[in-house]
Amino acid sequence: MAELNLILLGPPGAGKGTQANRLTEDFGLPHIATGDILRAAVAAQTALGQEAKRYMDVGELVPDSVISGVILERVAEDDARDGFVLDGFPRTVDQANSLGSEIEKLGRRLTAALLIDVPDDVVVKRISGRRMNPTTGRIYHVDFDPPKQADRDDEDGSELVQRDDDKEETVRKRLVVYHQQTEPLIGYYEQLGLLRRFDGTASPSEVHAHIRATISTLKLEEEL
Ligand code: AP5
């Protein structure tokens, strides 16, 4: 089977996690989310988590030395043999270069970088209504994608929580960091012919349908 090695790009709150969960179900690929990996490390109070928390709480990127090794090892694991959905990595040109070399070393190549585009004012509104299951990472929105029962996960009934870095002041800082450090990746992947853009202001189901159609086409092309 052709591999599907996908990257999700976009500002905080664009819907990367929301779409990654759906794509994982559609295509049976592991969802590798740097934010989730770091939050699990923070909750477990590991050395990685303690180091990462200092940066996450103020909306800055954790240093490459803290995150890159973890992710590059993860994409080489067995369950990612047929592909992966990378959410939150790369976030800088250095990270993109490291990912490119690692993938090449494994004799593989990226299939596409999927950009979910959303303006800053929409991001701020969305993030204030986000709720998540702290164990599974499943994401909801109090207005746009509500759980069946308020503040409870549809699947396991756990209490939904708000993320520590979802305060408006921290979200605004995360946006500044996105524009400065991550946005250059749009041109980077465009030059490589890998960029696909999606309007992230449409509903979650519409965005999903557009992305799924694009990936199905890419998959067919890979198989030809
Ligand atoms: P991370 O967890 O990756 O956060 P992020 O990129 O800022 O993205 P978010 O998780 O906030 O948003 P999302 O795009 O996934 O949107 P979601 O689907 O939840 O990173 C957190 C921190 O970790 C960083 O700040 C940094 O410190 C560190 N970090 C992570 N990776 C790193 C790296 N590579 N290098 C260095 N540091 C790193 O949707 C948001 C809300 O909107 C939800 O409530 C959802 O229900 C709703 N929604 C989604 N889609 C729609 C829609 N189409 N319409 C209406 N509502 C929608």
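The following conversation looks at a predicted model, taking up a ligand, a pocket and one serine.

Student: Why is Ser101 called partly exposed?

Tutor: Ser101 has a relative accessible area of 42%, and since buried means under 20% and exposed means over 50%, a value in between is called partly exposed. As for its place in the chain, Ser101 is found in helix H5, which covers residues 93–105.

Student: How far is Ser101 from Leu72 in sequence and in space?

Tutor: Ser101 and Leu72 are 29 residues apart in sequence, while their C-alpha atoms are 9.8 Å apart in space.

Student: What makes the pair formed by Arg130 and the ligand a polar contact?

Tutor: A polar side-chain atom of Arg130 lies 2.6 Å from an oxygen atom of the ligand, and because a polar contact is a pair of N or O atoms within 3.5 Å, the pair with Arg130 is counted as one. For Pro204, a backbone N or O atom lies 3.3 Å from a nitrogen atom of the ligand, which again falls within the 3.5 Å limit. In the case of His141, a polar backbone atom is 3.5 Å from an oxygen atom of the ligand.

Student: How much of the ligand does the protein bury?

Tutor: Taken alone the ligand exposes 1100 Å², and the protein buries 97% of that.

Student: Which residues come nearest to the ligand, and how do you know that they belong to the shell around it?

Tutor: There are 35 residues around the ligand, and of these Thr18, Glu60, Arg91, Arg130 and Arg174 come nearest; a residue is counted if one of its heavy atoms lies within 4 Å. By class, this shell has 14 nonpolar, eleven polar and ten charged residues. Helix H1 (16–27), helix H2 and strand E6 (139–141) each supply at least two residues of the shell, and H2 gives the most, with four residues.

Student: What makes a residue part of the lining of the second largest pocket, and how many residues line it?

Tutor: A lining residue has an atom within 4 Å of a point of the pocket, and 19 residues line the second largest pocket, with Arg39, Ala40, Met132, Pro134 and Arg163 lying nearest its centre. The volume of this pocket is about 460 Å³. Its lining has seven nonpolar, five polar and seven charged residues.

Student: Which helix gives the most to the lining of the second largest pocket?

Tutor: Helix H2 gives the most to that lining, with five residues, and both H2 (34–43) and H3 (47–56) supply at least two residues each.

Technical notes. Residues are numbered from 1 along each chain as its sequence is written. This is a predicted model: local features need pLDDT of at least 70, side-chain atom pairs count only at pLDDT 80 or more; totals for chains, interfaces and linings use all residues. Side-chain values use heavy atoms; hydrogens and water are left out. On a 1 Å grid over the protein atoms alone, a cavity is a set of points where a 1.4 Å probe fits but cannot get out, and a pocket is an open set with protein on both sides within 12 Å along at least five of seven lines; lining residues have an atom within 4 Å of a point. Grid points are joined across faces, edges and corners, and a volume is the space filled by probe spheres set on the points. Ala, Val, Leu, Ile, Met, Phe, Trp, Tyr, Cys and Pro count as nonpolar, Asp, Glu, Lys and Arg as charged, and the others, Gly among them, as polar. A polar contact is a pair of N or O atoms within 3.5 Å; within protein, one must be able to donate a hydrogen and the other to accept it, and residues adjacent in sequence count only if both atoms are side-chain atoms. Accessible areas come from the Shrake-Rupley method with a 1.4 Å probe; for residues, only the protein chains shown count as cover. Buried means under 20% relative accessible area, exposed over 50%, partly exposed in between (1.4 Å probe, protein chains only).
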